[in-house]
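Good morning, colleagues. Please turn to the sequence and structure that I am about to show.

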Amino acid sequence: MSGPEPLAGRAADNLRYIRQAMERSATFTSIPGAGGAVMGVVALAAAYVAANQPSPERWLATWLAAAAIAAAVGFIAMARKARRIGVTLTGGSARRFALGMAAPFVAGAAITYELWTVGHYTVMAPAWLLLYGTGVLTGGIFSVPVVRAIGVCFMALGVAAIVTPPAWGNAWLALGFGGLQVVFGIYIARYHGG
Amino acid sequence: MARTNAARRLTLDARSKVPVDSKSGEIATNLDRLLHDRMRLGIVSALAAGDERSFTDLKEALHATDGNLSVHARKLEEAGYVACNKTFAGRTPRTDYRLTASGRRAFEKYLDHMDALIKAARRV
């Protein structure tokens, strides 16, 4: 005869099991599609404005401002999508995703700082594309496969930016942060729930 | 009709193993027997955590074998808790599962039951 205690124990055990199964299954799915497309539009606008700046310092400032706006858009869109599909942004998969993505981003920020101090602005475009791509690729290991594909595309553009004339840098940035994000943003919105 | 019969047969099969208890017995017998199986509960939980999961994803998440997973997924499908979508990615067949509305309701009900069992034990 099983009393209420063993039954409750089993219930608690079941709940733990459910939680585990959900956590393990939850690849990070809160990649914002529409939000990503908006980030792309921000980047396209930034590319246009940046190309018309009189100095490389102001070109850099334009892109940094755009990055801040895009990051805010991305984060808000991510939080909204997470809430809509009923997942947290603090769960295991979200944390792994964030960590995988954050490491190359920190490297990118540090390298940008150093390039700014020595005045090597033309290295920035390929560095940003390569490191952003790396971040999306490593973060994407904990997400749906298309995210990894985005990372690879960014890295390919980074390599293209290296082998082409430095003056093309801004155009590669427009193609990557603008074009790729708009196209994949629409794809994710269409096939991965918004 | 066939689906309903299959679901009923499952429910009856499982009922023979129901633990009966004087205090929380009623709660225990009202449990969804279809979900009271570990693997099936795992599948539904894993699907409840996201939108769609491939057979491979589920297998990894639940540390299940192909046979075990497909048998239990089939039962959930027959009961209408899970919908399955078979496609081809190139030449490799791919099976995606998602939770149906009734599957989600059953899952939520099951969680409520677990909650009630734990609360009942605390009152003793």
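Which residues does W63(A) touch, not counting residues up to four places away in sequence? In this predicted model, the contacts of W63(A) include four alanines, A43(A), A46(A), A47(A) and A50(A). W63(A) also touches W128(A), N170(A), L173(A) and A174(A).

Let me place these contacts in their setting. The largest nonpolar core has 40 residues, and W63(A) is one of the members that touch the most others. W59(A), W128(A), L129(A), L173(A) and F177(A) share that standing. Two or more residues of this core come from each of the following elements of chain A: α2 (33–51), α3 (56–85), α4 (92–118), α5 (124–140), α6 (145–163) and α7 (169–191). Another core, of 33 residues, lies apart from this one; L34(B), V82(B), Y97(B) and Y110(B) are among its members.

I turn next to chain B. Chain B contains 6 helices and 3 strands, and from the N terminus on its elements follow the order α-α-α-β-α-α-β-β-α. Chain B has 124 residues, of which 45% count as buried. If we take the contacts in chain B between residues at least 6 apart in sequence, 55% of them join residues at least 24 apart. The exposed area of chain B is about 7100 Å², with carbon and sulfur atoms supplying 49% of it.

Finally, I return to the surface of chain A. V159(A), I162(A) and V163(A) make a nonpolar patch of about 300 Å². V159(A) belongs to helix α6 of chain A. Is V159(A) buried or partly exposed? Its relative accessible area is 46%, and therefore V159(A) counts as partly exposed.

Key
Residues are numbered from 1 along each chain as its sequence is written. Chains are lettered from A and ligands numbered from 1 in the order in which they are written. This is a predicted model: local features need pLDDT of at least 70, side-chain atom pairs count only at pLDDT 80 or more; totals for chains, interfaces and linings use all residues. Side-chain values use heavy atoms; hydrogens and water are left out. A nonpolar core is a set of buried Ala, Val, Leu, Ile, Met, Phe, Trp, Tyr and Cys residues joined through side-chain atoms within 4.5 Å. Buried means under 20% relative accessible area, exposed over 50%, partly exposed in between (1.4 Å probe, protein chains only). Helices (H or I, at least four residues) and strands (E, at least two) are DSSP runs, numbered from the N terminus. Contact means heavy atoms within 4.5 Å. Accessible areas come from the Shrake-Rupley method with a 1.4 Å probe; for residues, only the protein chains shown count as cover. Patches are made of residues with over 30% relative accessible area and no salt bridge: like charges are joined within 9 Å, nonpolar side chains (Val, Leu, Ile, Met, Phe, Trp, Tyr) within 5 Å. A salt bridge is a side-chain nitrogen of Lys or Arg within 4 Å of a carboxyl oxygen of Asp or Glu.
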